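The following paragraphs walk through the helices of a structure and the contacts among their side chains. Please keep the sequence and the model in view while reading.

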Amino acid sequence: MTAERTIVPMNLLTRLFRSPPDPREALRPLWHRVVEISREPEWYAQCGVADTVAGRFDMITAVLAVALLRLERDEDCRPQASLLTELFVEDMDGQLREGGVGDIVVGKHIGRLMASLGGRLGAYRAGLAGEASLEEALRRNVTLLDDRGPDPLAQRLRALAGQLDTADIGEVLAGRIER
């Protein structure tokens, strides 16, 4: 006796109007890992980052910047860097809306957040490359506790950058970043 295969015809309209897969989905694990790393208690307890909304945003942008810098060094990964940035925007948009920011001003807030990320990306790129002081960039861009300087934070961020630089790019893109 042979097993019968049942073929279910796909609705023509479903095939015609199905959305293509979102290319950002492949990077969602990396985005989640960026957020997880930015929430590690050591950033706050040992490095002096203020455990506030502003401080947590500062750490997300710092860790994201390090990840983006790693992706941009690999020419084949530049499109993924753009997609990862889109996930950041999507998440921040959702956070703003959840926080009660209305549709009319969400775009302005997102524009400011993107400008902030862009400025920090440039400052951290120069700081990590030794072309400028990473400590000064962190002092300007991260909400630190009053009695803390940026040195421990700079040391830990450099270590993260070094870890990503030596990691297999496929593992990084998949969000498999060991800590």
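Helix α2 is largely enclosed by the rest of the structure, because eight of its eleven residues are buried. In this predicted model, those buried residues are Arg28, Leu30, Trp31, Arg33, Val34, Val35, Ile37 and Ser38, a list that includes two arginines and a serine alongside the nonpolar side chains. The cover over the buried residues of α2 is provided by elements that include α3, α4, α5, α8 and α9. Ahead of this helix, in the loop between α1 (12-17) and α2, lies Ala26, which has a relative accessible area of 56% and is therefore exposed. Ala26 is separated from Ser116 by 90 residues in sequence and by 25 Å in space, taken from C-alpha to C-alpha.

Within α2, Trp31 deserves a closer look. Its relative accessible area is 2%, so Trp31 is buried, and its ring takes part in one of the two aromatic pairs counted in the model. The partner is Phe88: the two ring centres are 6.0 Å apart and the planes meet at 70°, so the pair is edge-to-face. Because Trp31 belongs to helix α2 and Phe88 to helix α5, this pair ties together parts that are 57 residues apart in sequence. Phe88 is itself buried, with a relative accessible area of 1%. Phe88 also pairs with Phe57, in a tilted arrangement with 6.3 Å from centre to centre and 35° between the planes. Since Phe57 lies in helix α4 and Phe88 in helix α5, this second pair ties together parts that are 31 residues apart in sequence. Phe57, at 16% relative accessibility, also counts as buried, the cut-off being under 20%. Taken together, the ring pairs join Trp31, Phe57 and Phe88 into a cluster.

From this cluster the reader can move along α4, the helix in which Thr61 is found. With a relative accessibility of 0%, Thr61 counts as buried, and, when neighbours within four places in sequence are left aside, Thr61 is in contact with Phe88, Leu117 and Arg120. Thr61 can also be related to Leu121, a residue of helix α6: the two are 60 residues apart in sequence, yet their C-alpha atoms are 8.3 Å apart in space. Leu121 has a relative accessibility of 15% and so counts as buried. Not counting residues up to four places away in sequence, Leu121 touches Ala65, Leu68 and Leu69.

How are these individual contacts placed within the wider nonpolar interior? The largest nonpolar core holds 52 residues, of which Trp31, Trp43, Leu71, Leu84 and Leu153 touch the most other members. The elements that each give two or more residues to this core are α2, α3, α4, α5 (78-98), α6, α7, α8 and α9, and the largest share, twelve residues, comes from α4.

Trp43, named above among the residues that touch the most other core members, offers a route from this core towards α8. Apart from neighbours within four places in sequence, Trp43 is in contact with Ile37, Ser38, Gly48, Val49, Met59, Val63, Leu153, Arg156, Leu157, Leu160 and Arg179. Among these contacts, Arg156 has a particular placement, in that its charged end sits over the ring of Trp43 at 4.4 Å from the ring centre.

Helix α8 itself, made up of residues 151-166, has 16 residues and reaches 23 Å from its first C-alpha to its last, which is close to the 22 Å expected at 1.5 Å a residue. Which residues of α8 are buried? They are Leu153, Ala154, Leu157, Leu160, Ala161 and Leu164. Seen down the axis of α8, these buried residues fall within an arc of 125°, so they line one face of the helix. Gln155 and Thr166, in contrast, are exposed on the other side of α8. The elements covering the buried residues of α8 include α2 (28-38), α3 (41-45), α4 (53-73), α6 (103-128), α7 (134-141) and α9 (169-173). The description thus returns to α2, which is among the elements that cover α8, just as α8 is among those that cover the buried residues of α2.

Notes: Residues numbered from 1 in each chain as written. Predicted model: local features only at pLDDT ≥ 70, side-chain atom pairs only at ≥ 80, totals over all residues. Heavy atoms only, no water. Helix = DSSP H or I, 4+ residues; strand = E, 2+ residues; numbered from the N terminus. Expected span 1.5 Å × (residues − 1). Buried < 20%, exposed > 50% of the residue type's maximum accessible area, 1.4 Å probe, protein only. Arc of directions from axis to C-beta. Contact = heavy atoms within 4.5 Å. Core = buried A, V, L, I, M, F, W, Y, C linked by side-chain atoms within 4.5 Å. Phe/Tyr/Trp six-rings, centres within 6.5 Å; stacked < 30°, edge-to-face > 60°. Lys NZ or Arg CZ within 6 Å of the ring centre and 35° of its normal.
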